Amino acid sequence: MSRFSNHYDKKFSNSSIKKQISSDSIFFEFEDQFYQENFTKIQISLECGATLYKTPIGWIQFGIPPGALVELNQKGIKVPQYYIIPINRFHKRYALSIADFQNVALYNFIEKQQKTYLICSPYYAEHLQQVFYSLYPTINQSDLNPVLEFYSSIDKNPIPQFNKEALYIKGLVEQYNPKFQFQEMIDFVILDKSDKKKMEVKLNDEVLIRARSQEYNILVDGQEVGTTNEKYDFTYVSELNWDEELKLKYNVDELLKIGQSRKQSNKNLIQEKILQDKDEYVCEFGVTFLPKLDTQQYGDSSLGFIIWIKGRGVIVDPPPFTLQILNKMHISTVLIEWIIITQGNSTNDQGAFQLLFENSNLELITSRLIYERFLNKYSYYSQMSKDFLGKILKFRPISIGAPLIIKDCRFKFTFNMGLNLNLAFTATREKQTIYFYGENIMDKQLIQKAFDGKVISQDRKQQLESDGWKNSDLIIMYMGKYSWENNYEDIKQIKDFEQIQEKIYFLTRYQEQKFLIKQKKLNSPLNHDSSNPMKTIRLQNQYIKKLNQINQEKIKQQELQQKIDLFCTIEIFENISIKNFRDLLQSTKEEYFDTGEYIIKQDTVGTKFYFVMAGMVCIFTNNRKLVRYCGTGSYFGEKALNHNKETRGANIIAAKPTILISLEKQDFWFIFGEERDEAGPIAEKLLSIQQSRQKDTVNLMRLNPILREFTEPQRQEIEMILKETKFDMNKIIWTKGDPAQFAIFIKSGSIKFSDCPEQVKPEMGEGYFIGEIDALLNEGVHGKLTTTLISLKKTEAFIIDKHMLLNFFKKNLGVLLKINYLKCFGPIQQEQEDLKI
């Protein structure tokens, strides 16, 4: 029977298991159903993707994905001591480590006073040992460049003695476990498939682990109790279908009824509705807290949040699966331009790594010390070289003491003193300040002890004890539970805490602390509204203030800045000239539409091209066939740019109060056309999009398990580079040994491999993407094809040129990570055969 940590007593009731912790009368409640269904099983599959195998020495867990520790504790399952590391320890589809041992190892060390054993090959053991050193590094002052890391001429920030502080904190951790030293937290059980003598290992007299080519066998007394499966299924991710959710949320018929019953709207009314929209998180200056996506109960808070600055987002410590979370919250990824990571714990930086691979144009902001360890860790996890990661990521280093300016907001950072190297910061805009406290030692006795032991200087002591942050307008504070963290007992000792607690919002990774925050009625990121569970705290109104509070000139400046921000995120304007950009700003204008209001009607002649600046539009045909939804940063109506008077191919209405930027046809050709109204590069891109959309490529991409996960900007980029073509029956499309020149995306027909091992694959049809990615990425010998491709019947397809595809990969490295080394992927055999984690 599963049991809880031995720190607490277990109490049973008919409907739940309750767990009392401390004198604060806080309870955990777990449903009995899980125990009734699973306590006798010898194998349990967790929602996070890990699998548990029951043995006489306790559970053995296969894989350690993010959220594993939380799920184990939530379900009352004893946290295992033994973990089998998957052969593919990095999930390419989600750019995620499934060997995330840090939190379970720390839990076992502190709560159970025992080691954590990682079962893996000697090669993996070496890498994971390096990851451990990266998580808890030894930082010699001689390795530190104070001129770059600190900017003391602006602010007298004491330079921490990092190595001394780290040893001091590790000593505090070791007090919870007198059996082992901190560096003995993890150990390895080696299985070497290349050595027959090391292909199996006994964990005790009863339990044996045996390694095979692509699996591990777990045996008890010679009987097999489990075989690992390398396929990882993140249930809570795969079940979410954003398109279906939008269809339910913005039903076309209901929107049209709203539009017909509503009286005429005006600009000010629509702006006010956007401002009051509970689903509209974006604001002029404020914070939106992010949920976790590591359980099916969407609504549990993470440590991540977004700081909004003039309608653009700085995402701090994004949790795993942040892209899916943003989609769930209907926040356009176009609005997110910067990432701040405050420390190297995987809870804080896994989501950052995922986001950076989805959009390599994002800027990563942190200290040089934290960035160095970030590169080391994810180089080991992903098996991509540190140099390669360093070249593709856009790193913007902070300098402690100097302001870092994002738009008109001033960020200032300091180093905290904690188990992990981590940061605190202020963000100040127009005399309003957001303060992020982070993980910091707060116990004054422990700070004094560190000073007496010459671990910290007098200046550092004053910095750690300073309470100047109390004057901030919004305070985001991490709450821990151990002596080296800012725990509740220390927090409530803050001077004037009762007076300032209304502006403090608490984040925590511990379930106990979440119950404590709720019981003490402290501010948390959670709303009580289940349909919109996360809070947004607005320090200033969205887009503009009421007209009687702001002058017309400032309104014009804000609207101009919003246009600039929008156009800077749209890929078609990537290489626009300064003159063209100026003309574009002058020629476009804002248009305002209320819910259900028609923007475009099918079969009418159009003269305008549109960009979505705020809100969302719904595109559908007269027979109510839904085409797609377009949110902030999207664009539509490119068919109107043709010289011939073509009619609109679909209806477009506002799914919610929406602000659009419109560009007239004649202005477009004046700005982007060349002599004799011939298309320039930007016009050619838009015309390519128009042609592909006429062929319904959006619905075609939805058939493909990889392409259907593209963001709206990624879909638009692909639409720009698709070139329609046709192949006759028995046509050789390419030949083995030729240089790779293009990939194809099948619209209809049938294609098959020939003269190669892949010829055993079934024929490929609608929705298949075919292209030798490895050959397309290379030149010379490595750039030659290893397959022959033949059309079995008349086939319609889209060709994607090699160089255009490479340019797409450079900006969307996450896509490349998912499909690298593949030769095809499509609706049928994709997940079974081609895409391996």
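**Entry 1: α22 and α23**

I began with the relative orientation of helices α22 and α23 in this predicted model. For helix α22 (residues 665-672) and helix α23 (residues 681-694), I found axes that come within 8 Å and cross at roughly 135°. Angles over 145 degrees would count as roughly antiparallel, and those from 65 to 115 as roughly perpendicular; α22 and α23 are therefore oblique to each other.

I then looked up the residues in contact. From α22, Phe668, Trp669 and Phe672 take part, and they meet Ile682, Ala683, Leu686 and Leu687 of α23. I noted the make-up of this contact as 7 nonpolar residues, no polar and no charged.

**Entry 2: β31 and its partners**

I next turned to strand β31 (residues 608-614). I recorded β31 as mostly covered, with 7 of its 7 residues buried. I traced its pairing to strand β36 (residues 658-664), which runs antiparallel to β31 and is joined to it by 6 bridges. Within this pairing, I located Ala614 opposite Ile659 in β36.

I also found β31 joined to strand β34 (residues 635-636) by 2 bridges, again with an antiparallel run. Here Tyr610 has Phe636 in β34 as its bridge partner.

**Entry 3: an open sheet**

I followed the strand order β22-β23-β24-β25-β26-β27 and found an open sheet of 6 strands with mixed pairing. At its edges I placed β22 (404-406) and β27 (504-507), each of which pairs on one side only. The twist from one strand to the next averages 20°.

Inside the sheet I examined strand β25 (residues 432-438) and strand β26 (residues 474-478). These two run parallel and are joined by 4 bridges. I noted Leu474 in β26 as the bridge partner of Ile434.

**Entry 4: nonpolar cores**

Which residues of the largest nonpolar core touch the most other members? I found Phe101, Ile307, Phe411 and Ile770, out of 220 residues in that core. Helix α13 (residues 368-382) supplies the largest share of this core, with 7 residues.

I listed the contacts of Ile307, leaving out residues up to four places away in sequence. Among them are Phe285, Val287, Val314, Val316, Phe411, Phe425 and Ala427. Ile434 is also touched by Ile307, and I had already met Ile434 through its bridge to Leu474 in β26. The contacts of Ile307 further include Gly286, Arg312 and Gly313.

Apart from the largest core, I recorded another core of 18 residues, including Tyr437, Ile475, Ile504 and Phe506. As a general remark, nonpolar side chains tend to be buried together in soluble globular proteins.

Terms used:
Residues numbered from 1 in each chain as written. Predicted model: local features only at pLDDT ≥ 70, side-chain atom pairs only at ≥ 80, totals over all residues. Heavy atoms only, no water. Axes fitted to C-alpha atoms, helices over the stretch in contact; angles between N-to-C directions. Parallel < 35°, antiparallel > 145°, perpendicular 65-115°, else oblique. Contact = heavy atoms within 4.5 Å. Nonpolar A, V, L, I, M, F, W, Y, C, P; charged D, E, K, R; others polar. Pairing = 2+ DSSP bridges. Core = buried A, V, L, I, M, F, W, Y, C linked by side-chain atoms within 4.5 Å. Buried < 20%, exposed > 50% of the residue type's maximum accessible area, 1.4 Å probe, protein only.
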